[in-house]
Amino acid sequence: MKRLVLCAALLAATAAAAGVAPAGATNECRGLQVCVRVAGPWVVVPASSASPRPRVDFELSCPRGFVIGGLDAELTDRAIDVEFGGRLGSPVNPGVTTSRSALFRATYAGATPHGPSFRPHLGCLPASGGGSGPVPYRRPLAVFPPGEPTVRRVRTVQLRAGTVRAVSGCSASERLISAWHAVAFYTRQAPDQSLIASVRARRAVRGKRVAVRVQAGAAVQGLRAVVQVGAICGGGS
């Protein structure tokens, strides 16, 4: 797992482009001459004091034809810990360590929560092919290089006042490894505690299916609010 504070390391290969002034309050495009910014919604972080602390996952994607070159996030509380998953088995590099989408994971580590939330950001680069690269390391036959044994199945559903149900799941040839759900608000300002409290979500897992039932109050009316449900699946052919 790569901490977001190490974003500069991810961009080391392209940061040599001098004279590019930073734009905006976030740093997902810093050092990149060509960069498309993608801002996600404000994702609600569970504020339980139980141990281990609950976490929330949220997937954000670049437009088609682009790969992730940088990441950043805005937090409503310094005690929110945010990280993302990067690929192993190669030098750290945009499009190699990263892909078109990233799964952000957040945990509240503080003691006095006041409706914590975070907003993920992506800096996206045009996808392009690379050269042949260095001579590959020859591994012993008994071991394997890191691969991609899992796949994410994600569905995002618009919320409205009342009850909404969102379902995701694995295919017949796959098995369910883990699941998540997240409630998020596409608002200019971070949601306050009353707005967060107006939405209640409950997740249930049956076999390979993950279902989330959301009860939203009138406060979401007129807002772009979503629930995202995801399944991590393995063993597919």
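Me: In this predicted model, what makes the link that joins C62 to C124 a disulfide?

Reply: The two sulfur atoms of C62 and C124 lie 2.1 Å apart, and since a pair of cysteine sulfur atoms counts as a disulfide within 2.5 Å, the pair qualifies.

Me: Why is the disulfide of C62 and C124 called left-handed, and which parts does the pair tie together?

Reply: The torsion about the S-S bond of C62 and C124 is about -85°, so the link is described as left-handed. C62 sits in the loop between β4 (55-61) and β5 (66-75), while C124 belongs to strand β8 (residues 117-126), so the pair ties together parts that are 62 residues apart in sequence.

Me: How do you know whether C29 and C35, which form a disulfide, are buried or partly exposed?

Reply: Buried means under 20% relative accessible area, and partly exposed lies between that value and 50%. C29 has a relative accessible area of 10%, so C29 is buried, whereas C35, with 23%, is therefore partly exposed.

Me: What makes C233 count as buried, and where does its disulfide with C170 lie?

Reply: C233 has 1% relative accessibility, which is under the 20% cut-off, so C233 counts as buried. In the disulfide that joins C170 to C233, C170 lies in the loop between β10 (162-169) and β11 (175-185) and C233 in strand β14 (residues 225-234), so the pair ties together parts that are 63 residues apart in sequence.

Methods
Residues are numbered from 1 along each chain as its sequence is written. This is a predicted model: local features need pLDDT of at least 70, side-chain atom pairs count only at pLDDT 80 or more; totals for chains, interfaces and linings use all residues. Side-chain values use heavy atoms; hydrogens and water are left out. Buried means under 20% relative accessible area, exposed over 50%, partly exposed in between (1.4 Å probe, protein chains only). Helices (H or I, at least four residues) and strands (E, at least two) are DSSP runs, numbered from the N terminus.
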